[in-house]
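Welcome to this guided tour. Keep your viewer open and select each stop as we come to it.

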Amino acid sequence: MVIYTDGACSGNPGPGGWGAVLLFPGHDPRELSGGKKEATNNRMELVAAIEARVAGIPGLELAGNAFHGVGIPDCIHGGEHAVERVMR
């Protein structure tokens with residue numbers, strides 16, 4: 001499986017969004033996305049990676065932008081609550 005993620009804001013902080021595309025061999029791509037009225041670029045990057053992981057896909061590995069190394073191990077163990085912690 002391959003995962004592409006990204007997150008961005010219009011202003012920093014400002015309105016933000018994130019997206020993830022999960023590519024499974026032999027299957028159609030799966031797309032995930034979301035946003036927040038007030039966020040930072042870093043938070044949107046992290047939320048994209050966390051949401052992709054929380055999607056619950058066996059064998060999932062995170063890959064993508066430079067921010068994935070910041071706080072991800074702690075967040076992964078928290079499951080869905082990780083997104084809430086990052087968005088505070």
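Start by selecting V2, which lies in strand β1. Bear in mind as you look that the model is predicted. Is V2 buried, exposed or partly exposed? V2 counts as partly exposed, because its relative accessible area is 40%, and that class covers values between the under 20% of buried residues and the over 50% of exposed ones. Now add Y4 and L23 to your selection and show the surface: together with V2 they make a nonpolar patch with about 270 Å² of accessible area.

**The whole chain**

Zoom out for a moment and colour by secondary structure. You should find three helices and three strands. Following the chain from its N terminus, the elements come in the order β-β-β-α-α-α. Of the 88 residues, 33% are buried. The chain exposes about 5300 Å², and carbon and sulfur atoms account for 52% of that area. Among the contacts with a separation of 6 or more, 49% link residues that are 24 or more positions apart.

**The sheet**

Next, select residues 2-9, 14-23 and 30-39, which are β1, β2 and β3. These strands form an open sheet in the order β1-β2-β3, with antiparallel pairing. Why is one side of β1 and of β3 left without a neighbour in the sheet? Both strands stand at the edges and each has a single partner strand, so nothing in the sheet lies on the other side. Look along the sheet as well: on average, neighbouring strands are turned by 10° against each other, ignoring direction.

If you switch on hydrogen bonds, here is a general point to keep in mind: strands of a sheet pair through backbone hydrogen bonds, in a parallel or an antiparallel way.

**From β1 to β2**

Focus on the first two strands of the order. How many bridges join β1 to β2? There are eight, and the two strands run antiparallel. Two positions help you follow the pairing: Y4 stands opposite V21 in β2, while G7 stands opposite W18 in β2.

Now move to the turn. β1 and β2 make a hairpin with four residues between them. Select G11 in this turn, where phi is positive at about 95°. Then select P13, in the loop between β1 and β2. What kind of peptide bond joins N12 and P13? The bond is cis, with omega at about 10°.

**From β2 to β3**

Slide across to the other side of β2. Eight bridges also join β2 to β3, and this pair runs antiparallel. Here L22 stands opposite R30 in β3, and W18 has G34 as its bridge partner in β3. W18 is therefore a good residue to centre on, because you can see G7 of β1 opposite W18 as well as the G34 partner.

The turn of this second hairpin has six residues between β2 and β3. Select G26 there to find a positive phi of about 80°.

**A stop at G34**

Stay with G34, which is found in strand β3. This glycine is partly exposed, with a relative accessible area of 32%. Leaving out residues up to four places away in sequence, G34 touches G16, G17 and W18. For a distance to try in the viewer, pick the C-alpha atoms of G34 and A20: they are 9.4 Å apart in space and 14 residues apart in sequence.

**Across to the helix**

Now select residues 41-54, which form helix α1. This helix lies across β1, β2 and β3 and runs at about 155° to β1.

Our last stop is A55, in the loop between α1 and α2 (72-77). A55 is partly exposed, with a relative accessible area of 25%. Which residues does A55 contact, leaving aside its neighbours within four places in sequence? They are R30 and L32. To finish, select L22 as well: its C-alpha atom and that of A55 are separated by 9.8 Å, although the two residues are 33 positions apart along the chain. L22 also takes you back to the sheet, where R30 of β3 stands opposite.

Methods
Residues numbered from 1 in each chain as written. Predicted model: local features only at pLDDT ≥ 70, side-chain atom pairs only at ≥ 80, totals over all residues. Heavy atoms only, no water. Pairing = 2+ DSSP bridges. Axes fitted to C-alpha atoms, helices over the stretch in contact; angles between N-to-C directions. Contact = heavy atoms within 4.5 Å. Patch = residues over 30% accessible without salt bridge, like charges linked within 9 Å, V, L, I, M, F, W, Y side chains within 5 Å. Areas by Shrake-Rupley, 256 points an atom, 1.4 Å probe, with all protein chains shown as cover. Salt bridge = Lys/Arg side-chain N within 4 Å of Asp/Glu carboxyl O. Buried < 20%, exposed > 50% of the residue type's maximum accessible area, 1.4 Å probe, protein only.
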